[in-house]
Amino acid sequence: MAEQLLMDKAGAARLRMIIEAGVGLGGVDLLGFALEHAVTEADGLGGMVHVRGPRGRGLLLMATSGIVRTVAQDWEEIAVDGDTAPARAVAGGASVWMSALGGQSIPEVSVAQRSTEGGTERAGEGGTDGGARHGGRGPDSPLGHHPHAAAPWSPLSALPAGSGLLAVPLLTPDGVVGALSVLTLGEGQPTPQQRSAVETLAAWAALRLREPSMGWGRIDPGRLGKEPPVTRLRQALEAIKVGSWEWDLTTGEQLWDESTLAILGMAGQSTNQRFDTWSGLVHPDDLPWLLVEIEQAIRNQRVSSLEYRIRCPDGTTRWVSSRSRVLPGEDGRPGRMVGTVWDTTESRIARDSVSRALRHMSDAFFAVDSEWRITFLNMEAERLLGASQELLGRNLWDALAEIGIDAVGLGLQASYRRAVDRGTPVGFVVRWPTNRRQYQMRLIPVPDGLMVYATDVTEMRSREAESVAAERVTADRNARITALAGALAEALTVQDVVNAAAERIMAPFGASGLVVHLIEADTLHVAGQVGYPETFFRDFEGMPVGDIAPLDEVHRTRTAAFIDSVEEYTERYPRMAGRPAEARKSSWAFLPLIVSGRSVGCCVVSFTEPRRLGGEEKALLITLSGLMAQAIERARLFDAEHMRAQALQRGLLPSELPRLCAVSTAARYVPANEGIEVGGDWYDVIPLSGARVALVIGDVMGHGLSEAATMGRLRTAVHTLADLEFPPSELLTRLNQVVNDLGDDFYATCLYAVYDPVTCTCKFGSAGHPPPAVVYPDGNTTFLAHRPDPPLGTARPPFETTEVVLPRGSLLVLYTDGLIESATRDIDRGMRHLTKALSGAAAAAREDDAAGSSLGLERLCDEVLAELLPGTQLMDDAALLVARTFAIPADSIASWTLPDGPIAASEARHHVRDQLEGWELDELAMTAELLVSELVGNAVRYGKSPIALRLLRAERLICEVSDGSLSTPRIRNATETDEGGRGLQLVAALAHRWGARYTATGKCIWTEQPVS
């Protein structure tokens, strides 16, 4: 009994050493490590590890040990609901041993039970996660038939009696993700100690399986190639490389767009792929945990966000991030998975670089979250907190207690909690009980927890005077680095970086100047400066870096240069002897700005008096310049992307509004100031026939390039439909179909209004958009009543049309919800606020109009925006379109009813000639008579009565001929022998514009002629 107890303790100690040796492994390395030691502990011949594949896949072979290749091929994929030991272990959630007696496999399943939807069922007696029995995939499976999926394992049946396969499930909090199997050879089942050892190693590997490995391959910086020359608008649309993909879970086919192919290094290849194509690109170390995540996302129909490595066909390795969601099929089961993918290699390199720097820093550093779980620690912190423990994810107080540290008695817990509660840094000195050394603790609260710096100050504390100075230096250094790092993290633009650095570097060091030079193609550009005469850098812009000796030296050597006096400066750079006097400086620190191993510029910190910096000060300045370089590079990318986003927005909105006789207009667009993404708010003013005008405003739900592109499509579609003279209800019906064709995830609101200056009527329709506001000439402000229709993409036609009369001089105000609604203001309150703002601004605009100023509406827009959006942080875009209505005078309108016979053309010419003479437009009479004669002739010959003629004198002379027929004339090519067919060709040649529209009683053909 005592001997058995000693053996158990020795085995437990051996397992602890194995697990400690495997800390840091991940992916395939983790599975292989656990499998090899499981085979050893069970005295086995070999083994293998399977991981559950995504929907439609069986158990996929991830690692083998001691299994010949020909045998392993038969086990590359096995059915989840099959009779093999791994399948039964996965199905039952318990260990399974299958023996080979007389060439037959006899299962010996543990008595552990598992719960199913139908009740409790003994492991190995049923249950399946999908797929065909004994095959893993039926003939209708999306991945097709696998020839080995149902094959019995012939080597097992060929072994002598007593041999078998021990399969242990890989258990995670979300369920069983696979199985670890060991081939045994002996007189019977594995002993309880052997089975326990294999189960322990399998449980340890399963819990760490979902942690991605950190291995790296060769990275090709030029993997994306060069973009072809395209327009600025196209560049803006392609600026952010995000690919989209779709996976049909029924057929197994995957569809990748061109951006996805480029990101995965398969540009120019077919866009129709399969699951095996993608899994072949995934780095082997990441594939096991990735399969687990995807399978569980499909099973639970949840959104998944993953970051993993791929190995491109050209041999390079990249990091990519993917976000996807599962869409149900018609039967309610998962049918498709759709998502996006983008390249995160550069950001991953940056994160790993920072992590490695922290990992190897001389001070102990660790971080905890709001629940006091350890989320990061470097090597010094591991030694401080006990390197023999697995510390990541553990509670800090439990970890300290295990190494014999009383956190409450030492005051650690109170200090840590005080730093978190107050939200301010806390510093103190503590003697660490485990090594009896003294540490300066610096606690820095962050939004999601606490960062802890621990500096060994034992030697410094031995001499009181030196220790006080050292503590001050250390605390000051950490505070400066932390303060500058925090400020740089919030800096968006390069100028923000310069301002943050100047504020936190100049005063502590007693500096009087700071300047940041960026170097591109060996040319200098001054990114920003503080403390220099305004004219000092006038000659620097665009100068070759070789002409400025100190900067050229630092740029080439990538080494900081410190100059203590003017004499030293003149001795080192005699050609630059006059510069110190011009700059009024006497000592300098020239600091290189290095990002990813390349020099991008130089930061110069200068002093008015001669100054010799100490070693600690020099080291700190070099460290701070490294933080600045990273922030500047990030800010330059932000500036470039922001410019592209602005170019995209400018390209999708109208550059200027047309000048019309029916209305005078002004508009404003205010983008959201969170991030750099463009929005989907838009507006437009479209001239129509008969001096009418269309006013339209819309809002595509969401932000980003996709929404902006949708906005551009809708604006183009509205222009096309408006030119076809569709009424508001019909136009919204057709626009709704356009949105439906874009997909299920696109929705938009739109308000379309048509104003007629002849009748002073406005007809409008709305699809989920806020109602328009009207400010009448007497100053009364109201919102036009309209029964709201659902947004485009969800509506079912027909749409409602509302008609109102707008007296001359009324203001019609169209807007998007971003103007009146916010996180602190609901839509009803916002509409009341808009009414108040319009009432005051409209009165001032009327005064401007009365004084003959053309800036009345522009001023009104600015005042409304200042009242409703007073410099607040906008989470949504806002658009505003204001139109002042006018009426065509009665003496500028003339209309007649014409007879049905051939005499109608003669009468029409007579009416036109007389009316134009009265309007003093005789120079247009000849052309107008020809146009009217042709149009009336067509109406008499092909149309129906009544036939009418109307002339409008506006910014152009408009001739309209209407009849009772609904047939629209079209230009045709007449042959030389045809007697007719040339009338509309003549109309098109003589008129500035012409067209046709339907009316309530028939149709109207119109022409326009310029009025000089």
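1. Two residues are in contact here when heavy atoms of one lie within 4.5 Å of heavy atoms of the other. The word is used in that sense throughout this note, which concerns a predicted model.

2. Some overall figures come first. The protein has 29 helices and 40 strands. Its length is 1012 residues, and 47% of them are buried. Take the contacts between residues at least 6 apart in sequence: 59% of these join residues at least 24 apart.

3. One open sheet is worth tracing by eye. Five strands make it up, in the order E17-E16-E20-E19-E18, and the pairing is antiparallel. Which strands stand at the edges? They are E17 (374–377) and E18 (426–432); each has a single partner strand, so one side of each has no neighbour in the sheet. From one strand to the next, the twist averages 25°.

4. The pairing at the E18 edge can be followed further. E18 pairs with E19 (residues 437–446) in the antiparallel sense, and seven bridges join the two. Within this pairing, Phe428 is opposite Met441 of E19.

5. A helix also belongs to this picture. Helix H14 (residues 412–422) lies across four strands: E16 (364–369), E18, E19 and E20 (449–456). Relative to E18, H14 runs at about 165°.

6. Helix H4 (residues 85–92) is mostly covered. How many of its residues are buried? The count is eight of eight. Among them are Ala85, Pro86, Arg88, Val90 and Gly92. Just after H4 comes Gly93, with a positive phi of about 70°.

7. The next item is a pair of helices, H27 (residues 903–918) and H28. Their axes are 8 Å apart, and the two pack at an angle of about 150°. That angle makes H27 roughly antiparallel to H28, since angles over 145 degrees count as such. The crossing of H27 and H28 is right-handed.

8. The residues at this contact can be listed by helix. H27 contributes Ala904, Ala905, Ala908, Arg909, Val912, Arg913 and Leu916, which meet Ala925, Ala928, Glu929, Val932, Ser933, Val936 and Val940 of H28. By class, ten of the residues are nonpolar, one is polar and three are charged. A general point helps in reading such lists: an α-helix has 3.6 residues a turn, so residues three or four places apart point the same way.

9. Glu929 deserves a separate look. It is found in H28 (residues 925–942). Is Glu929 buried or exposed? Its relative accessibility is 14%, so Glu929 counts as buried, because the cut-off for buried is under 20%. Leaving out residues up to four places away in sequence, Glu929 touches Arg909, Val912 and Arg913; these three are among the H27 residues that meet H28. The C-alpha atoms of Glu929 and Ser906 are separated by 9.3 Å, while along the chain the two are 23 residues apart.

10. Arg692 is another charged residue to check. Where does Arg692 sit? Its place is in the loop between E27 (679–687) and E28 (693–703). With 15% relative accessibility, Arg692 counts as buried, by the cut-off already given for Glu929. Apart from neighbours within four places in sequence, its contacts are Pro687, Glu725, Val754, Tyr755, Asp756, Pro757 and Arg997.

Conventions
Residues numbered from 1 in each chain as written. Predicted model: local features only at pLDDT ≥ 70, side-chain atom pairs only at ≥ 80, totals over all residues. Heavy atoms only, no water. Pairing = 2+ DSSP bridges. Axes fitted to C-alpha atoms, helices over the stretch in contact; angles between N-to-C directions. Buried < 20%, exposed > 50% of the residue type's maximum accessible area, 1.4 Å probe, protein only. Parallel < 35°, antiparallel > 145°, perpendicular 65-115°, else oblique. Left-handed = near helix turned anticlockwise from the far one by under 90°.
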